[in-house]
Amino acid sequence: MKTTFSTERLIALLKCLVAAYLVTGVLLLTVAGLLYKFSLGENVVEISIIAIYCIASLLAGLFFSKGAASRRFVWGMVAGAVYFLVICAVSMAVDKNFTVLSNSCITTLFICLGSGMLGGMMG
């Protein structure tokens with residue numbers, strides 16, 4: 001049975017997001033280990049988290065845009081946006097005081113969109 005283009009793209013997006021979250025998990029565990037071992041400062045941890053978002057969104061955009069025939073940067077942005085939306089959903093579920101319209105959340109949105117778009121252009 002042949003699947004439609006949209007179903008194939010959705011499955012590809014889900015695979016890319018799973019890979020991006022696996023990378024995120026491994027990198028966050030690494031930062032946590034380094035924090036435990038070396039007592040890193042708060043600034044180092046915050047910068048590390050931003051770098052992890054960049055890397056994961058870039059990889060998601062890179063791999064998701066591989067299957068696209070054109071406008072790969074848009075597909076990369078889609079991957080970055082969905083990555084961000086899942087982060088927001090988990091943050092809202094865990095922290096009842098989480099606000100989507102905070103400066104840090106909007107900055108994270110642009111980081112994920114930009115990194116995903118860059119990954120799409122590289123793909």
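**Notes on a helical model**

1. Let's start with Y53. Setting aside its neighbours within four places in sequence, Y53 is in contact with Y83, I87, T108, I111 and C112. Keep in mind as you look around that this is a predicted model.

2. Which residues have the most contacts inside the largest nonpolar core? They are Y53 and Y83, and the core they sit in has 16 residues. Four elements give two or more residues to this core: α1 (5-38), α2 (42-65), α3 and α4. The largest share comes from α3, with 5 residues. As background, nonpolar side chains in soluble globular proteins tend to be buried together.

3. Now for the helix pairs. Two packed helices are described by the angle between their axes and the distance between the axes. For α2 and α4, the angle is about 40° and the axes are 7 Å apart. Angles under 35 degrees count as roughly parallel, and α2 and α4 are therefore oblique to each other. The crossing of α2 past α4 is right-handed.

4. Who meets whom there? On the α2 side you'll find I50, Y53, C54, S57, L58, G61, L62 and S65, and they meet T108, I111, C112, S115, G116, L118, G119, G120 and M122 in α4. Sorted by class, the residues of this contact are 9 nonpolar, 8 polar and no charged. Y53 turns up here on the α2 side, and Y53 is also one of the two residues with the most contacts inside the core.

5. Next, take helix α3 (residues 72-94) and helix α4 (residues 103-122). They pack at an angle of about 145°, and their axes are 6 Å apart. This crossing, α3 past α4, is right-handed. From α3 the contact uses R72, F73, G76, M77, G80, A81, Y83, F84 and C88, while α4 brings C105, T108, L109, C112, L113, G116, M117, G120 and M121. How many residues of each class does this contact have? The tally is 12 nonpolar, 5 polar and 1 charged.

6. It's worth following a few α4 residues through both lists. T108, C112, G116 and G120 are among the α4 residues in the contact with α3, and T108, C112, G116 and G120 also appear among those that meet α2. T108 and C112 are in contact with Y53 as well.

7. Last, is A89 buried, exposed or partly exposed? A89 lies in helix α3. Its relative accessibility is 42%, so A89 counts as partly exposed. Compare its position with that of A20: the two are 69 residues apart in sequence and 16 Å apart in space, going from C-alpha to C-alpha.

Terms used
Residues are numbered from 1 along each chain as its sequence is written. This is a predicted model: local features need pLDDT of at least 70, side-chain atom pairs count only at pLDDT 80 or more; totals for chains, interfaces and linings use all residues. Side-chain values use heavy atoms; hydrogens and water are left out. Axes are lines fitted to C-alpha atoms, for helices over the stretch in contact, and angles run from 0 to 180 degrees between N-to-C directions. A crossing is left-handed if the near helix is turned anticlockwise from the far one by less than a right angle, and right-handed if clockwise. Contact means heavy atoms within 4.5 Å. Ala, Val, Leu, Ile, Met, Phe, Trp, Tyr, Cys and Pro count as nonpolar, Asp, Glu, Lys and Arg as charged, and the others, Gly among them, as polar. A nonpolar core is a set of buried Ala, Val, Leu, Ile, Met, Phe, Trp, Tyr and Cys residues joined through side-chain atoms within 4.5 Å. Buried means under 20% relative accessible area, exposed over 50%, partly exposed in between (1.4 Å probe, protein chains only). Angles under 35 degrees count as roughly parallel, over 145 as roughly antiparallel, 65 to 115 as roughly perpendicular and the rest as oblique.
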